[in-house]
Amino acid sequence: MPFFDRSTHGIAESEHTAMSTVVRRILLSLPFLVFALDVESVCAKQNSFDQAANAYRQGDWEAAATQFQHLLSDSTKEASQQQLRFYLAECQMQLGQYTAARQHYQAVIESSDRELASKAIFRCGEAALFSGDGQAAEGLLRQFLNVAPDSPSAAYAWLYLGDLAEQRGDLAG
């Protein structure tokens, strides 16, 4: 006796065939549904990123930071996370949240994207300087000059280092 005997459950052959057809159609359409949901998710993330970028360009640092933080919490790709951390830190710099910015820059510095990491080193040095941590600022700015001596930001790093030396009284007058 089969595991499920249609005759004992009152299911006619035509009903069984119709149900099988429906089940088969549902199963065959699942990959398309998953793909459609995936595309919808990507579009929603792109829309959120666009909103964050627009807020950033308009100088609405709070809104941009909130959006970047939300995107960061939803992100699973390391490269995307590092970009989002960098943008979030940039917003925090504008808001004067130097300690929080330093934490995000520090995470970017440890990433595999060397170009982004070098920018993060410089900006982390600035955040340290602006928060009054001259020793950390000096170390980070020197590190930046070692990894990106030809960067346009190198001139600023030298100026900051000169200011720090002057504050310590290291410059002969």
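Let's start at R102. This arginine is partly exposed, with a relative accessible area of 21%. The cut-off for buried is under 20%, so at 21% R102 falls outside that class. Keep in mind throughout that we are looking at a predicted model.

Where does R102 lie? In helix α5, which covers residues 98-109. Now look at its partners beyond four places in sequence. R102 touches C124, A127 and A128, and then S131, D133 and A136. Take A128 from that set. A128 and R102 are separated by 26 residues in sequence. In space, their C-alpha atoms are 7.1 Å apart.

Step back to the whole chain. How many helices and how many strands does the protein chain have? There are 8 helices and 0 strands. Read from the N terminus, the order is simply α-α-α-α-α-α-α-α. The chain has 173 residues, and 31% of them are buried. Now the contacts with a separation of 6 or more. Of these, 41% come from residues 24 or more positions apart.

Next, Q92. This glutamine sits in helix α4, residues 78-94. Buried or exposed? Q92 counts as buried, with 8% relative accessibility. Leave out the neighbours within four places in sequence, and Q92 is in contact with Q97, A100, A101 and H104. A100, A101 and H104 fall inside the α5 range, residues 98-109. There is also a longer step in sequence to W61. Q92 and W61 are 31 residues apart along the chain, and 7.5 Å apart from C-alpha to C-alpha.

On to a charged residue, E126. Its place is in helix α6, residues 114-130. E126 counts as buried, because its relative accessibility is 6% and the cut-off is under 20%. What does the side chain of E126 make polar contacts with? One partner is the side chain of R123, at 2.4 Å. Another is the side chain of Y160, at 2.6 Å. Set aside residues up to four places away in sequence, and E126 touches M93 and Y160. So Y160 appears as a touching residue and as a polar partner of the E126 side chain.

Y160 takes us to the last two helices. Helix α7 runs over residues 134-147, and helix α8 over residues 154-168. They pack at an angle of about 145°, and their axes are 10 Å apart. The crossing of α7 past α8 is left-handed. Who meets whom? On the α7 side we have G134, A137, E138, L141, R142, F144 and L145. On the α8 side, they meet A154, A157, W158, Y160, L161, L164 and R168. Sort the residues of this contact and you get 10 nonpolar, 1 polar and 3 charged. Note Y160 again: it is in the α7–α8 contact, and its side chain joins that of E126 in a polar contact.

Last item, the cysteines. How many disulfides does the structure hold? The count is 0. Two cysteines are worth a look here. C91 is buried, with a relative accessible area of 0%. C124 also counts as buried, at 1% relative accessibility. And C124 is one of the residues that R102 touches.

That brings us back to R102, partly exposed at 21%. Take these three residues with you: R102 in α5, Q92 in α4 and E126 in α6. Thanks, and over to you.

Terms used. Residues numbered from 1 in each chain as written. Predicted model: local features only at pLDDT ≥ 70, side-chain atom pairs only at ≥ 80, totals over all residues. Heavy atoms only, no water. Disulfide = S-S within 2.5 Å. Buried < 20%, exposed > 50% of the residue type's maximum accessible area, 1.4 Å probe, protein only. Axes fitted to C-alpha atoms, helices over the stretch in contact; angles between N-to-C directions. Helix = DSSP H or I, 4+ residues; strand = E, 2+ residues; numbered from the N terminus. Left-handed = near helix turned anticlockwise from the far one by under 90°. Contact = heavy atoms within 4.5 Å. Nonpolar A, V, L, I, M, F, W, Y, C, P; charged D, E, K, R; others polar. Polar contact = N/O pair within 3.5 Å; in protein donor to acceptor, adjacent residues only side chain to side chain.
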